Amino acid sequence: DKGNAAHWLAYKSWHDCVDPKSFENHKASNGYFITDEMIEHVSTYLEMLNTRPGAMEVSTSFGNDYFRVNCRADNISIVNNHLYIDDFKYGWRIVEPENNWTLIAHAIGYCKQTGLTPDKITFTIFQPRPDHHLGRVRNWEINYFEFSKLVEQAFNTLSNLNEQLNTGSHCAKCPALATCNAAKMAGMNSIEASAIAHDENIDNNVLA
């Protein structure tokens with residue numbers, strides 16, 4: 001709910017060209033109240049975007065006769081044939097930009113829709129709340145040749161789907177998590193690993 005409210009605040013402030021502070025103690029579209037902390041984070045996010053104005057909440061869906069990928073980018077901008085894909089993450093689970101298929105999908109969809117062949121693409125995660133050694137803003141930059149290889153990989157995978165399931169961070173929001181055999185097996189593995197005996201009496205040298 002907080003994340004949805006923060007995204008609403010960012011879009012509303014950008015679209016109406018108003019200071020996010022004007023929404024303090026107001027309700028977002030989902031009924032969640034806008035707090036001063038949220039305003040601070042959204043203001044910093046908008047300051048970053050103002051250095052290279054673009055478009056917010058851009059539909060980047062794409063597909064063919066075999067599959068359909070529905071997605072919407074938080075922000076997209078182009079500077080001197082350099083494509084920027086920005087993602088505003090308000091949750092606590094750390095998200096990295098490297099090989100992030102959500103961000104890659106936004107770039108694929110946008111380039112397919114517009115016919116753009118950018119020289120470079122920069123994928124950016126703006127995540128203000130959790131602590132990270134690289135800070136709130138994390139970037140991953142690739143050239144068009146590297147991007148074309150990712151496009152090829154995505155289309156080959158989605159056009160030749162199999163029934164193999166692989167668990168990972170993407171499982172967190174999966175609606176089939178409760179009935180997924182792969183997730184169940186991974187959960188049992190974690191229980192077995194956590195049951196391994198360990199010494200609770202650790203001396204100072206080992207602890208150090």
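Buried means under 20% relative accessible area, exposed means over 50%, and partly exposed is whatever falls in between, with a 1.4 Å probe and protein chains only. Accessible areas themselves come from the Shrake-Rupley method with a 1.4 Å probe, and for residues only the protein chains shown count as cover. This is a predicted model, where local features need pLDDT of at least 70 and side-chain atom pairs count only at pLDDT 80 or more, while totals for chains, interfaces and linings use all residues. Residues are numbered from 1 along each chain as its sequence is written, and side-chain values use heavy atoms, with hydrogens and water left out.

**Figure 1. The whole protein chain, with six helices and seven strands.** Helices (H or I, at least four residues) and strands (E, at least two) are DSSP runs, numbered from the N terminus. Reading from that end, the order is α-α-β-β-β-β-β-α-β-β-α-α-α. Along the principal axes, the C-alpha atoms fill a box of roughly 60 × 50 × 35 Å. Of the 208 residues, 37% are buried. About 13300 Å² of the protein chain is exposed, and carbon and sulfur atoms supply 50% of that. Contact here means heavy atoms within 4.5 Å; among contacts with a separation of 6 or more, 59% come from residues 24 or more positions apart.

**Figure 2. K12 and D16 paired up in helix α1.** A salt bridge is a side-chain nitrogen of Lys or Arg within 4 Å of a carboxyl oxygen of Asp or Glu, and a search of the whole structure turns up six. In this one, the closest N and O atoms of K12 and D16 are 3.4 Å apart. The two residues are separated by about one helical turn because they sit four residues apart in helix α1. K12 has a relative accessible area of 30%, so it is partly exposed, and D16 is partly exposed too, at 32%.

**Figure 3. D87 and its surroundings in strand β5.** Strand β5 covers residues 82-88. With a relative accessible area of 7%, D87 is buried. Leaving out residues up to four places away in sequence, D87 touches D74, L103, T124, I125 and F126. The D87 side chain also meets that of K89 in a salt bridge (3.4 Å, N to O). K89 is partly exposed, with a relative accessible area of 28%.

**Figure 4. The salt bridge between E141 and K120.** Here the closest N and O atoms are 3.7 Å apart. The pair links distant parts of the chain, 21 residues apart: E141 is in strand β7 (residues 137-143) and K120 in strand β6 (residues 120-126). E141 is partly exposed at 45% relative accessible area, and K120 is partly exposed at 40%.

**Figure 5. A patch of negative charge on the surface, made by E24, D36, E37 and E40.** Patches are made of residues with over 30% relative accessible area and no salt bridge, joining like charges within 9 Å and nonpolar side chains (Val, Leu, Ile, Met, Phe, Trp, Tyr) within 5 Å. Asp and Glu count as negative, Lys and Arg as positive, and His and the chain ends are not counted. A charge is placed at NZ of Lys, CZ of Arg, CG of Asp or CD of Glu. E40 belongs to helix α2 (residues 36-50) and is partly exposed at 45% relative accessibility.

**Figure 6. N25 in the loop between α1 (2-16) and α2.** N25 is exposed, with a relative accessible area of 59%. Not counting residues up to four places away in sequence, N25 touches F33 and I34.
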